[in-house]
Amino acid sequence: MNKITLSIALLVSILVISCKKDDETKTPLVVPTTYDTTGFSANVETERNLRTQLSNFAAYIRKGDNVANKLASDSLNYYFTIGTPSLESTTVSYYTNLIENTWFANIVTASQNSFDITTTPENTVGGVYINRLLDSKGKEMLQETEKGMFAATLYNHLVTLSQGTVTAATVDRMLYIYGAHGSFPNTNTANKYNNTRHIHSIVHST
C-alpha cells in the first residue's frame, strides 16, 4: 500500500469513528404521535396581536391609494409603534430604520398627489396612479413596506421564537405567526379547507 492510499484509508477511518461518536452523543428526536390544539388560541395571543397590528398598519397606508386622502406621519408612527411587542420592536433594525427614516416621509409626501407614470416615469414626490400610491420612481409603497415585513417582522419573530426553548406552545406560536393553524390538513387541495393560509396572505386573514 503506497503512502497516498494509506493516508486516504486513515482519513476515512477517522471520519467514520468521528461520525459514530457524534451519533452516540446526540439525543434522539422524539416526535409526538398527536398534536394537541386545545391550548392553541391562548398560546398565540401575542402573535394574533402582531398580525392585527400589521393588518391595521397596512390598512392605513392603503388609504393613500385614494388620491383624496392625505396620510400623516403621526398616524404611520402610531400604527408602527403601538402594542407590546410593537411592529417596530419586532422588525429587524435595518428595515425599521428604512421604514421610519425613509418610507414614512415618502408615503406622506406622495399621498394626495397624482402621478401618471405613463407620461412621466419619474417625478420628485410620487403620487397615486390608478389607485396605487407610488414613490417618485414608480414603486408601490404599500407593497414595498408590507411584503417586506412578512420577512423582516413576522419571520424575524418566528426565528426569535426558535432560538429559545421550543415547547408545544412555542410550536403553536410559530405556526400562527407563519400564517398557519394547528388544525390545517395535509392536503394538495388546501383551497377546500379552512386554516390553510400561508405567510403571504395572513395580513388579510381573520
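This note sets out some points on the fold, the nonpolar cores and two helix pairings of the predicted model.

1. Overall make-up. The secondary structure of the chain comes to 8 helices and 2 strands, and, read from the N terminus, these elements follow the order α-α-α-α-α-α-β-β-α-α. Of the 206 residues in the chain, 31% are buried. When contacts between residues at least 6 apart in sequence are considered, 55% of them join residues at least 24 apart.

2. The largest nonpolar core. This core holds 29 residues, and the members that touch the most other members are Phe-57, Leu-76, Ile-99 and Met-149. At least two residues of the core are supplied by each of helix H3 (45-62), helix H4 (73-81), helix H6 (93-110), helix H7 (141-162) and helix H8 (168-178). H7 gives the largest share, with 8 residues.

3. A second core. Separate from the core just described is another of 5 residues, which includes Phe-40, Val-44, Leu-175 and Tyr-176.

4. Phe-57 and its surroundings. If the neighbours within four places in sequence are left aside, Phe-57 is in contact with Leu-76, Tyr-79, Phe-80, Leu-87, Ile-99, Phe-104, Thr-145 and Met-149. Phe-57 also appears among the H3 residues that meet H4, and again among the H3 residues that make the contact with H7, which is a reason to look at these two helix pairings in turn.

5. H3 against H7. The axes of these two helices come within 10 Å and cross at roughly 170°; since an angle over 145 degrees counts as roughly antiparallel, H3 and H7 are therefore roughly antiparallel to each other. On the H3 side the contact is made by Glu-47, Leu-50, Leu-54, Phe-57, Ala-58, Ile-61 and Arg-62, and on the H7 side by Leu-142, Thr-145, Glu-146, Met-149, Phe-150, Leu-154, His-157 and Leu-161. Sorted by class, the residues of this contact are 10 nonpolar, 2 polar and 3 charged.

6. H3 against H4. Here the axes come within 8 Å and cross at roughly 165°, an angle that makes H3 roughly antiparallel to H4. The crossing in which H3 passes H4 is left-handed. From H3, the residues Gln-53, Asn-56, Phe-57, Tyr-60 and Ile-61 meet Ser-75, Leu-76, Tyr-79 and Phe-80 of H4. By class this contact has 6 nonpolar and 3 polar residues, with no charged residues, whereas the contact of H3 with H7 has 3 charged residues.

7. Thr-145. This residue is found in helix H7, and because its relative accessibility is 2%, Thr-145 counts as buried. Apart from its neighbours within four places in sequence, Thr-145 is in contact with Phe-57, Ile-61, Tyr-95, Ile-99, Trp-103 and Ile-107. Two of these partners, Phe-57 and Ile-61, belong to the H3 side of the contact with H7.

8. Ala-168. Is this residue of helix H8 buried or exposed? With a relative accessibility of 57%, Ala-168 counts as exposed, and its place in the chain is in helix H8. The C-alpha atom of Ala-168 is separated by 8.5 Å from that of Tyr-35, although the two residues are 133 residues apart along the chain.

Notes. Residues numbered from 1 in each chain as written. Predicted model: local features only at pLDDT ≥ 70, side-chain atom pairs only at ≥ 80, totals over all residues. Heavy atoms only, no water. Core = buried A, V, L, I, M, F, W, Y, C linked by side-chain atoms within 4.5 Å. Buried < 20%, exposed > 50% of the residue type's maximum accessible area, 1.4 Å probe, protein only. Helix = DSSP H or I, 4+ residues; strand = E, 2+ residues; numbered from the N terminus. Contact = heavy atoms within 4.5 Å. Axes fitted to C-alpha atoms, helices over the stretch in contact; angles between N-to-C directions. Parallel < 35°, antiparallel > 145°, perpendicular 65-115°, else oblique. Nonpolar A, V, L, I, M, F, W, Y, C, P; charged D, E, K, R; others polar. Left-handed = near helix turned anticlockwise from the far one by under 90°.
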